[in-house]
Structure formats: C-alpha cells, structure tokens
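This report introduces selected local features of one protein model to a reader who has not met it before. The sequence and structure are shown first, and the description follows.

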Amino acid sequence: MAEEPSVGGEESSKVTTTTTTVDGGHKGKWRPRWGYGGWRGYGGHKGDGKGYVAGKTRRSISQFIVTLFVLAAVIALILWLIYRPYKPKFTLVSAAVFNLTTSTPPFISTTMQFTIVTRNPNERSSIHYDRLSAFVTYKNQMITPQLMLPPLHQRKDSTVSMSPILGGAAVPVSLDLANGILMDMEGYGLVQLRLVLQGRIKYKAGVIKTSHYDLYVTCDMLLGLKKGMVGQVPLLNANHYADQDQDHHPCKVDT
C-alpha cells in the first residue's frame, strides 16, 4: 500500500523528461515565432516585425512602379506603330520668271513664281506647318530675299498646292555669280536654280500631338531660260531625285 506513490512518481518523471526533449533540450530559452503582432518569442516578447513589413511594402511599391513603366512603354510603342508619321512629299510643278537682271555693283533683281504641291501621305495624322519661308539660290548663293509664308494645316491623306512669288528686291551677289548667270542665259539658254523651303512641322493624330520638327526642302531645277524671256519657262528634269519617265520634279525633304 505504501509502494503506489513511488510508481506515480516514476510516471511523473517520464512526463517531465519528455517535455524537456520536445522543447529542444533548452528549457526556458527564447525562440522566435510569427504572431499577429509580428515576430514573438515563446515567452511572449515581441521581436522586430516592423522592419520586415516595411521592407516587404517597399518591394511591392517598387514592383508596381516597374510594372507601370513597362506598360507605359508598351502602350507608347503600340501607338507609335499605329500612328507613326511619314514626312510630307513636295513636288515642283511649274516655274515662271518675270524679271532677271544684273546691275553694278553686282546685284541681281528678279521676280519668280513657283508652284509646289505638297502631299501628306499619312492616313491617320494631319500636319501643321509653321515658320515657313522660301528663297531661291544660284550656285549656293541667295538671289531672292527670304519670303515668309503663312502657316498651313494639312489634313490627313491630302494634297495642297502653293504658288509663292519670290524676289522683287535687288540682292547683292559676288561678281563671279553675276557673270555666271548672264553667261548661262546668253550662252546656253539654261539656268540651274534651287528653290528652298524651310520651317517647322508637327503631327497630330486625334488627341496625340508631336513636338516640332525642323523642315528643310530643296527643289533643284534646270530652267530653259534665255535673256529677255518673260513668263512661264520650260522646267527641265535636272533633279536626280526625279523619275525620268514622269513629268514631275520631286524635291528632297529633310526633317
């Protein structure tokens, strides 16, 4: 009857030993675990959970920003492929010379009119021309004053014709240039000139507008011009950009 407590004591000792083993053999040592309030020890002490949460939030924000930029780039590329603008095409159609004389000291006085056709090849974009000006050169020297042209808005897939009159005032030139143009008219009956148009353009497709682009157009021509001729003159095909089989004179366009 007195031996029964000793048996109970052995069982209690076994239970205590088992508990110590499950605990890792380090009774009372603090070990981290995750709780609703962050990292905590077994003893209920709160660890450094705020830093972990803040780092995770920063990573999420960074990933969101990167994803947003990638989507914006993809959308911009798609819009560019759909609305990609092509530069306008210019064609010289006709030329007329009403006056072309030289005087001393070397000046050139001339009045000329040219008809130029510009085409907008874009089916989705209109073109706005701004700060347009035109002048004529002979051997890379200006022989007419620079003429400012009014702004022009060209609708998509359309053609516009313009006929500016250039000259009217004497322009100082070199003696060699004055003698050269007289020799061309009197000796050969041919004068090679260049019409230059310059300005700015921008494209518009719906609500999308581009920034301004510089425009520089050169139309090389060979005129059948003799001294004393007035009015419409033959426009020969001296432009190496032109199609020799067609009666038109494409200009070179740089933007």
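In this predicted model, Arg-131 counts as exposed because its relative accessibility of 54% lies over the 50% cut-off. Arg-131 is located in strand β5, which covers residues 126-138. Its backbone is also notable in one respect: phi of Arg-131 is positive, at about 55 degrees, although Arg-131 is not a glycine.

Lys-139 also has a positive phi, near 55 degrees, and is likewise a residue other than glycine. Lys-139 lies in the loop between β5 and β6, the latter being residues 141-142. With a relative accessible area of 57%, Lys-139 is exposed, since the value is over 50%.

**Pairing of strand β3**

Strand β3 spans residues 89-103, and strand β4 spans residues 107-119. The pairing between β3 and β4 is antiparallel and comprises 13 bridges. Within this pairing, Leu-100 faces Thr-110 of β4. The connection from β3 to β4 is a hairpin of three residues. Pro-105 belongs to the loop between these two strands, and the peptide bond joining Thr-104 and Pro-105 is cis, with omega of about -10 degrees.

Strand β3 has further antiparallel partners. One of them is strand β17 (residues 249-250), joined to β3 by two bridges; here Leu-92 is opposite His-249. Another is strand β15 (residues 231-232), also paired with β3 over two bridges; in β15, Gly-231 is the bridge partner of Val-97. The table sets out these pairings.

| Partner of β3 | Residues of partner | Bridges | Sense |
|---|---|---|---|
| β4 | 107-119 | 13 bridges | antiparallel |
| β17 | 249-250 | two bridges | antiparallel |
| β15 | 231-232 | two bridges | antiparallel |

**A nonpolar surface patch**

Which element gives the most residues to the nonpolar patch? Helix α2, residues 49-83, does so with eight residues. The patch has an area of about 870 Å², and its members include Val-66, Val-70, Val-74, Ile-75 and Tyr-83. Val-207 and Ile-208 are also among the residues that make the patch.

Ile-208 is part of strand β13, which consists of residues 208-209. Is Ile-208 buried, partly exposed or exposed? Its relative accessible area is 36%, and Ile-208 is therefore partly exposed, as this value falls between the cut-offs of 20% and 50%.

Conventions: Residues are numbered from 1 along each chain as its sequence is written. This is a predicted model: local features need pLDDT of at least 70, side-chain atom pairs count only at pLDDT 80 or more; totals for chains, interfaces and linings use all residues. Side-chain values use heavy atoms; hydrogens and water are left out. Two strands pair if DSSP finds at least two bridges between them. Helices (H or I, at least four residues) and strands (E, at least two) are DSSP runs, numbered from the N terminus. Patches are made of residues with over 30% relative accessible area and no salt bridge: like charges are joined within 9 Å, nonpolar side chains (Val, Leu, Ile, Met, Phe, Trp, Tyr) within 5 Å. Accessible areas come from the Shrake-Rupley method with a 1.4 Å probe; for residues, only the protein chains shown count as cover. A salt bridge is a side-chain nitrogen of Lys or Arg within 4 Å of a carboxyl oxygen of Asp or Glu. Buried means under 20% relative accessible area, exposed over 50%, partly exposed in between (1.4 Å probe, protein chains only).
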